[in-house]
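Morning, everyone. I'd like to walk you through a structure that's new to most of us, so grab a coffee and have a look at the screen.

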Amino acid sequence: MWQQVALQDDVFQIFEPTLFSQSFVTALLLSMVAILCLPRQFHAGVVENNDLRHLRTTRWLFPLYLLMFAVFVLPIVVAGVITQPYLIGQADTYMLSLPMAQDNSTMLMVSFIGGIAAATGMVIVSTVSLAIMLTNEVLLPLWLQSRLHERDQLAGLSRQLRFLRRASILVLLGLAFAFHTLIDRFDGLASIGLLSFAAVAQFAPSLVGALYWRTGHKQGAFAGLGFGFLLWFYCLLMPVILPVEWVQTLNERGLLGLGLLRPHAMFGIEGLEPLTHGVFWSLSVNLAAFIYFSRRASHDALDEAQAARFVDMPMDWWREGIGHPSITTAELLEVCKRGLGHPRAEPLFFDYMRRRNVSEQLALPAPLHLVRYVERLLAGTMGASTARIVMSTLLRKQNSRHDDVVRMMDEASELIQFNHQLLRTTIETISQGICVVDRQMQVVAWNQAYVKLFDYPDGLIRLGRPIEDVYRYNAERGYYEGGNLEDDVSKRVQLLREGHSHQFERELPNGIVVEVRGTPMMGGGFVSTYMDITERKRDEQALRQINESLENRVAERTRKLTEVNEKLARANDGKTRFLAAAGHDLMQPLNAAQLFTSSLRQQLVKRDGESFSREVDVLGHIDTSLQAAEQIISALMEISKLDTGTMPTHVHPLRLGSLMAPLNQEFSALAAANGLRLRSVICEAVVETDEGLLRRVLQNLLSNAIRYTEHGRILFGCRRQHNAIRIEVWDTGPGIPDDQHEQIFREFQRLPQQSRKPVKGLGLGLAIADRICRLLGHRLTVRSWPGKGTVFSVTVPLASGELPPLLQEAETASKGIEGLRVFCVDNDPALLASLVAALEMLDCDVVAASGLDDALQKAVNNPAPDVLLVDYQLDNEDGFAVIEGLDSCWEDVVPAILMTADRNPHVRERAEEQGVGFLQKPLTEAMLRRALEQINS
């Protein structure tokens, strides 16, 4: 046969050695990977391997098995190539075609039965392996998770497991048959096998990397598998299942016309066989993604422990008698000392070595069971995960890593010692006597107050002393009332063992009364505290004598009530201070959200108001809700500041017309919406007051008038008095009874519902108005006629000076602000963004910066603005520093406005001194417009 092969050149070329051809190298690589990664191979070699010693047999038996089949296959192929060259493309059929050509029915039957048996066995083993994996790793955990909350959690587990296994087998067989019918372009089993091997080979980078690379991570494995299977599908599987015309188009033009994405010439690399090309790109991208994403992933303690368990585990770890070559017994003892401390480590270490008959020569390699014993000792001190990481790092043959272990142990030891010293110091600073015992009823912690209280001799209380000895010493001194010493001691020790909490008082023979409290600890042990209450007992006795007199009893109760009132006053003061401190942080995001919604609403109205009418209405509701929340927070802030005396005031001359006209415009619309008519008589008198606080008072009075008036009208005007102006708000509401005139000015007090109109509010408006008027020295009065109406009036003194220049009204009409260049500086990104959006809706050109450095950089690249809008509270400087720093960037002086939520009057005074405008947060779009119009005028 071999002579015939040598005589026929065309046949001889088929068997000519081609060790480095593409197809041979690819097939060899896929075959090597398939030995481990095929499901049936992995299941038989790993899952079903109950004895790791079988691996040593497999190392020579399995290659011999493959070699025998190669020896048998080679003659069959030679005979088929010589006698049936026309079937060389279907060489898989030689086992049947050769006996048929020789008319050897017996051999044909044997070959057929053998092929059927081999194929059936392969299908059975593969299907069962995949079904077991699918059931154990996916289906069964999902089923168990769904049954966790049911009464019989594991009822019918075996029956359900059999059902899931059988269902998995049927589904896998169905999918395999569907895949077979889909791929009808293959004529031989070898081609299908190589395509399948290429798919299975995608598991190789993650599988091998997890065993030999500590940095490997599940995120890298998932990413590598995803990219690998995607390229395998595109380069190998898709050209097989798509029509030939489509495949030719893809190979000529590429996906979506991109020449770099041709299935058989990815990224312009040509000349490779399709199988080699697909395997190269899929495995390369798979490996690169696995490495890249594993390096980027964050590794926690569990990842480190798993890596140490697989990567650092010695090959012969089950043989406990061998020593580890990279660590000696001396090094292991050093680690044990650093973790447990010298007094404790050495007895435990050498006692274990003597019990296990381990040589005490410290220079010898440490046995692996001794390594695991030290790891268990460290786990009890620093936790299992940390101990595992320490030991796995120590087992590596790297000196630098050994230094890291020593440093880690030093740090852990120092931390433990620090915690111990901290605990000791804490216990000693407690005035009560403390004694702590462990689960073995031995003393583990105490303080000197305990020793002094019971007058123990030196050396009696020490670490490890049985508490029974201490109780026996107390019984011998007559501290217990029972007659039987041993029974008294046993009863008290048993009380600690049972772990019941207790509390009682006991008088010692020396006259000291001690209160004993016992508390069990989790995991065993007991904590007992002893407090000297002798003085308290004496006080109680004296009080019992004093309580015989009624006068003394009343005085005592008065004292206790006074203490309670003081505590309540301090609690209320703390509450108000908290609200005052937190109010600023709460108002910032609400202000930003309100500006955002207002800007978005105007954008929708400008774009197409009818198309976005629903959205505009929704934004209106959001804006209303934000305003309500802002009003509630503002009310709470004002109440807290008024109660704590921290509300700043800025009293200055004010023209009432500039205050009443905006209020009239604001509340006229609100009154009309409620079916009421608001009539205002504007007064141009100049008064001495705080503009913001007076506006708040009048807003509360007007809103209450509209809220409680069901029908009729409201009058808003002024009456002149001697050196004063009385601002009045009249309504035609239900009126207020005379006995309720004082109650309505209390917090959260509202009159009963007297009309069908629903009344909203918290009952804080009049309380705030009353406190503000008292703060400003204004007189707030109420007159009412039940059934007819009510009038609230605020008396404000007339101003003796002139209006300040910044507050005088411009005689000329204000100009528009369209195109106004505004330079904004604020360190709050959300508020800055909302401010920019609001200014852009006003058709202003805005430049935004977060601080002085950012502002200086942007000032160089932008022309001089028309106005600076700067927040006062910034990260590294205040608003005045920013205004001063930007002043040198432009030739002309740029007007500036300072924004702040700080109500400190010194900020406003400083702004007036430097000629800077002032805006008090929270801001509204109307406030921004008025301020910019005033600057532009």
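I'll start with confidence, then go through two sheets and three helix pairs.

Okay, first thing to keep in mind: this is a predicted model. The mean pLDDT of the protein is 78, and 76% of its residues reach 70 or more. So which stretches should we be careful with? One of them is residues 397–401, where pLDDT stays under 50 and the model has four contacts beyond four places in sequence. Another is residues 805–814, again with pLDDT below 50, and that stretch has twelve contacts in the model beyond near neighbours in sequence. Where pLDDT is low, the predicted coordinates should not be read in detail.

Right, on to the sheets. Find the open one with five strands in the order β6-β5-β9-β8-β7, paired antiparallel. Which strands stand at the edges here? Those are β6, at 443–446, and β7; each has a single partner strand, so one side of each is left without a neighbour in the sheet. On average, neighbouring strands of this sheet are turned by 20 degrees against each other, if you ignore direction.

Let's walk across it. At the β6 end, β5, which is residues 433–437, pairs with β6 in the antiparallel sense over three bridges. If you want a landmark there, V437 has V443 in β6 as its bridge partner. Now jump to the other end. Strand β7, residues 502–507, and strand β8, residues 513–520, are antiparallel and share six bridges. Together β7 and β8 form a hairpin with five residues between them, and in the turn you'll see G511 with a positive phi of about 90 degrees.

Then there's β8 and its other neighbour: seven bridges join β8 to β9, residues 526–532, and those two run antiparallel as well. A handy residue for finding your way is E515. What stands opposite E515 in β8? On the β7 side, that's E505. On the β9 side, the bridge partner of E515 is M531.

There's a helix on this sheet too. That's α22, residues 485–498, which lies across β5, β7 and β9 and runs at about 155 degrees to β7.

Now scroll further along the chain for the next sheet. This one is also open, with five strands in the order β11-β13-β14-β16-β15, but the pairing is mixed. The edge strands are β11, 677–680, and β15, 779–785, each pairing on one side only. From one strand to the next, the twist averages 15 degrees. Within that sheet, have a look at β13, residues 713–721, and β14, residues 724–731: they run antiparallel and eight bridges join them. L715 stands opposite W730 in β14, if you'd like a pair to zoom in on.

And what lies across this sheet? That would be helix α27, residues 691–708, which lies across β11, β13, β14, β15 and β16, running at about 25 degrees to β14.

That helix takes us to the helix pairs. Two packed helices are described by the angle between their axes and the distance between the axes. For α27 and α28, which is residues 765–776, the angle is about 150 degrees and the axes are 9 Å apart. That makes α27 roughly antiparallel to α28. The crossing is left-handed. Residues making the contact include L693, V697 and L701 of α27, and L766, I772 and L776 of α28. By class, the contact has eleven nonpolar, three polar and one charged residues.

Second pair, back towards the start of the chain: α5, residues 54–83, and α6, residues 94–101, pack at about 60 degrees with axes 10 Å apart. That makes α5 oblique to α6. Their crossing is left-handed. Among the contact residues are I76, V77 and G80 of α5, with Y94, M95 and L98 on α6. The split there is seven nonpolar, two polar and no charged.

Last pair: α3, residues 22–37, and α13, residues 274–296. Their axes come within 9 Å and cross at roughly 50 degrees. So α3 is oblique to α13. This crossing is left-handed. Residues in this contact include Q22, T26 and L30 of α3, plus T276 and V279 of α13. How do the contact residues divide by class? Into five nonpolar, four polar and no charged.

That's my tour, thanks for listening.

Notes: Residues are numbered from 1 along each chain as its sequence is written. This is a predicted model: local features need pLDDT of at least 70, side-chain atom pairs count only at pLDDT 80 or more; totals for chains, interfaces and linings use all residues. Side-chain values use heavy atoms; hydrogens and water are left out. Axes are lines fitted to C-alpha atoms, for helices over the stretch in contact, and angles run from 0 to 180 degrees between N-to-C directions. Helices (H or I, at least four residues) and strands (E, at least two) are DSSP runs, numbered from the N terminus. Angles under 35 degrees count as roughly parallel, over 145 as roughly antiparallel, 65 to 115 as roughly perpendicular and the rest as oblique. A crossing is left-handed if the near helix is turned anticlockwise from the far one by less than a right angle, and right-handed if clockwise. Contact means heavy atoms within 4.5 Å. Ala, Val, Leu, Ile, Met, Phe, Trp, Tyr, Cys and Pro count as nonpolar, Asp, Glu, Lys and Arg as charged, and the others, Gly among them, as polar. Two strands pair if DSSP finds at least two bridges between them. pLDDT is the predictor's confidence in each residue, from 0 to 100.
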